[in-house]
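Notebook open, coffee poured. I want to jot down what I look up in this one, entry by entry.

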Amino acid sequence: MATAGKSMIYSSLLFSVILSLLQMYKGKFASSELMTIVGGLICSLLFLLMLTLIGNYQELSGMKTGWGAVILAEIVSLIVASTVHRVCITTCFLFSAVFLYEVDKIYGMILSKSDSKARRY
């Protein structure tokens, strides 16, 4: 399993690569309706990577992760989406909300498993 430091490095590298590719091909993403939706999906992946980056940084520095990390990651991803197309902002927000719900659900499952193991012993 990756440590917080490695995960932070990997997410920052993936964030920079995806951001660079998104900016290189932003004309392609703005060319049709379907590609605009795909551009919003890619920007919401940037949201997940930024959320991972911020969460791991806060964990390494000993701070508690909260809604501030979510809001900051969402603002960054929406700003990136606005450089591609206006519709990308809306689709990025919607996909990010779905991804955030799924991440919270997965975290809840992991937390409940660790709680049940702690109760047995």
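In which helix is Leu22 found? I find Leu22 in helix H1. Helices here are DSSP runs of H or I with at least four residues, strands are E runs of at least two, and both are numbered from the N terminus.

Ground rules before I go on. I'm looking at a predicted model, where local features need pLDDT of at least 70, side-chain atom pairs count only at pLDDT 80 or more, and totals for chains, interfaces and linings use all residues. Residues are numbered from 1 along each chain as its sequence is written, and side-chain values use heavy atoms, with hydrogens and water left out.

Entry: overall layout. I get 5 helices and 0 strands, in the order α-α-α-α-α along the sequence. The C-alpha trace spans about 60 × 25 × 25 Å along its principal axes. Of the 121 residues, 26% count as buried (buried is under 20% relative accessible area, exposed over 50%, partly exposed in between, with a 1.4 Å probe and protein chains only).

Entry: Leu22. Is Leu22 buried or exposed? Leu22 is buried, at a relative accessible area of 1%. Skipping neighbours within four places in sequence, I see Leu22 in contact (heavy atoms within 4.5 Å) with Phe29, Ile42, Cys43, Leu46, Val80 and Val84.

Entry: the core. I checked the largest nonpolar core, meaning buried Ala, Val, Leu, Ile, Met, Phe, Trp, Tyr and Cys residues joined through side-chain atoms within 4.5 Å. This core has 19 residues, and Leu22, Cys43, Leu51 and Ala73 touch the most other members. H1 (4–24), H3 (33–61), H4 (67–84) and H5 (86–120) each supply at least two of its residues, with the largest share, 8 residues, coming from H3. With the same neighbours skipped, Cys43 is in contact with Leu22, Ser77, Val80, Ala81 and Cys92.

Entry: H1 against H4. The axes, which are lines fitted to C-alpha atoms over the stretch in contact, with angles from 0 to 180 degrees between N-to-C directions, come within 10 Å and cross at roughly 20°. H1 and H4 are therefore roughly parallel (angles under 35 degrees count as such, over 145 as roughly antiparallel, 65 to 115 as roughly perpendicular, the rest as oblique). From H1, I noted Phe15, Leu19, Leu22 and Gln23 meeting Val76, Val80, Thr83 and Val84 of H4.

Entry: the record. An unreviewed UniProt entry lists residues 6–22, 34–55 and 75–101 as "transmembrane region". In the model, 34–55 is 100% helix, with its end C-alpha atoms 32 Å apart. For 75–101, I have 96% helix and end C-alpha atoms 17 Å apart.

Note on methods
UniProt positions renumbered as here; feature names shortened; annotations may be inferred.
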